[in-house]
Amino acid sequence: MEHLSSYQIFYTVAKHGNFSHAASELYISQPAISKSIKKLEESLDTTLFTRSSRGVTLTEDGKLLYEHIASAFSSIHEGELRLKRNRELETGQIHIGVSTTLCKHIMLPLLQHFVQENPHTTVTIDCLSSSETALRLSENKLDVGLIVEMNASKPLDFMPLKQLSYSFVASPTYLENLRLREKVDYQESNNNIFQAATLMLMDRENISRQHAEQYFQEYSIKTGQILETSNMELLVEFAKIGLGIACVIRDFVEEDLKNGTLLEIPLEKEISSRTVGFAYSKDSVYNPSVEKFRSMVKNRAIL
């Protein structure tokens, strides 16, 4: 602002009602104070002070201007105090994109540790697919993304965290009914099961769905009826109640496989694993909270 220094001088003079006191506080000469006030009055085409032997008093226009200037300088002072508090408390903010499934099974333990170590940092979580997270990172609309590595992640700074394996699972009841109804035994590693069963997949925009489709195409596996959803947690629940065979991340159903709630379909050819990790925009503005998060992830990576 062109007259910012003049407004500071005006504010100080009005506060003290005296040119010499204002000059002392601002460490400038009294003639410089008088010259600045005169120049400001000329630029505003008004008189701001009434002079007398005892000092100066604000005119009506001066009072109006002082009301706004005082508010502005008060806001500036409050901003300085907040910055100081932020430094003292090490406050900050971080905006993260992650799918619901990855958040539940991978992000939560890391997030718990980060929040404990940085209690004054504001953390915002957006539940998004890996594709949408990668897009928003490239647009600098997110600070961090937990995503499955893919072509869209190549322009980003990608930090591998762990490998995820995929599996096809179903309830024992569903598989027994399928054997009786369609004469297909899941234990025989016969790809015909995917054509005979209701196959439950993520929606077509999802990376896991695309990975499954590539697998079917690569090994010329025919599929029958398909039920799709946008949430892998729902796929697991659908499988548990016997709606069909679900393609899920094996790491997330290990307990169900151990206790027999779900059974894994043996495959003639294994479906390849995928790498999951944290992605960052290469063009993002420096953020101390993001650097702390990145350091924590690097120290706790389990790949």
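**Exercise 1. Find which residues lie on the face of helix H3 turned away from its buried side, and then work out how its buried residues are arranged.**

Solution. The face of H3 turned away from its buried side carries Pro-31, Lys-35, Lys-38, Lys-39 and Glu-42, which are exposed. Here exposed means over 50% relative accessible area, buried means under 20%, and partly exposed lies in between, with a 1.4 Å probe and protein chains only. The helix names follow DSSP runs numbered from the N terminus, where a helix is a run of H or I of at least four residues and a strand is a run of E of at least two. The model is a predicted one, in which local features need pLDDT of at least 70 and side-chain atom pairs count only at pLDDT 80 or more, while totals for chains, interfaces and linings use all residues. Residues are numbered from 1 along each chain as its sequence is written, and side-chain values use heavy atoms, with hydrogens and water left out.

The next step is to list the buried residues of H3, which are Ile-33, Ser-36, Ile-37, Leu-40 and Glu-41. Seen down the axis of H3, these buried residues fall within an arc of 135 degrees, so they line one face of the helix; the arc is that of the directions from the helix axis to the C-beta atoms. An α-helix has 3.6 residues a turn, so residues three or four places apart point the same way. Among the elements that cover the buried residues of H3 are helix H1 (4-16), helix H2 (19-26) and strand S1 (49-52).

**Exercise 2. Check what span the 15 residues of helix H3 should have, and compare it with how far apart its end C-alpha atoms are.**

Solution. The expected span of a helix is 1.5 Å times one less than its number of residues. For the 15 residues of H3 (residues 30-44) this gives 21 Å, and the end C-alpha atoms are 21 Å apart, which agrees.

**Exercise 3. Describe the backbone angle phi at Tyr-27, Asp-45 and Asn-140, and place each residue in the chain.**

Solution. Most residues other than glycine have a negative phi, and most peptide bonds are trans. Tyr-27, although not a glycine, has a positive phi of about 60 degrees; Tyr-27 sits in the loop between H2 and H3 and is exposed, with a relative accessible area of 77%. Just after H3 comes Asp-45, which takes a positive phi of about 55 degrees. Asn-140 follows H6 and has a positive phi near 60 degrees; the loop that holds Asn-140 runs between H6 and S5, and at 40% relative accessibility Asn-140 counts as partly exposed.

**Exercise 4. Decide whether Leu-48 is buried or exposed, and list what it touches.**

Solution. Leu-48 lies in the loop between H3 and S1, and at 1% relative accessibility Leu-48 counts as buried. Contact means heavy atoms within 4.5 Å. Not counting residues up to four places away in sequence, Leu-48 touches Phe-10, Leu-40, Glu-41, Thr-57, Leu-58, Thr-59, Asp-61, Gly-62 and Leu-65. One of these, Leu-58, is 10 residues from Leu-48 in sequence and 5.9 Å from Leu-48 in space, C-alpha to C-alpha.

**Exercise 5. Describe the buried side of helix H6 and what packs against it.**

Solution. The buried residues in H6 are Ser-130, Thr-133, Ala-134 and Leu-137. These cover an arc of only 100 degrees around the axis, which puts them on the same side of H6. Against them pack strand S3 (92-98), H5, strand S5 (144-148), H9 and strand S12 (274-280).

**Exercise 6. Characterise the largest pocket and the loop residue Glu-205.**

Solution. The largest pocket holds about 340 Å³ of space. Of the 21 residues that line the largest pocket, Ser-99, Ser-129, Met-202, Asn-206 and Ser-230 are the closest to its centre. On a 1 Å grid over the protein atoms alone, a pocket is an open set of points where a 1.4 Å probe fits, with protein on both sides within 12 Å along at least five of seven lines, and lining residues have an atom within 4 Å of a point. Grid points are joined across faces, edges and corners, and a volume is the space filled by probe spheres set on the points. Helix H5 (100-117), helix H6 (130-138) and helix H9 (207-218) each supply at least two residues of this lining.

Glu-205 lies in the loop between strand S8 (199-202) and H9, and Glu-205 is exposed, with a relative accessible area of 60%. Leaving aside neighbours within four places in sequence, Glu-205 is in contact with Ser-131 and Gln-210. Glu-205 and Ser-230 are 25 residues apart in sequence and 8.7 Å apart in space, C-alpha to C-alpha.
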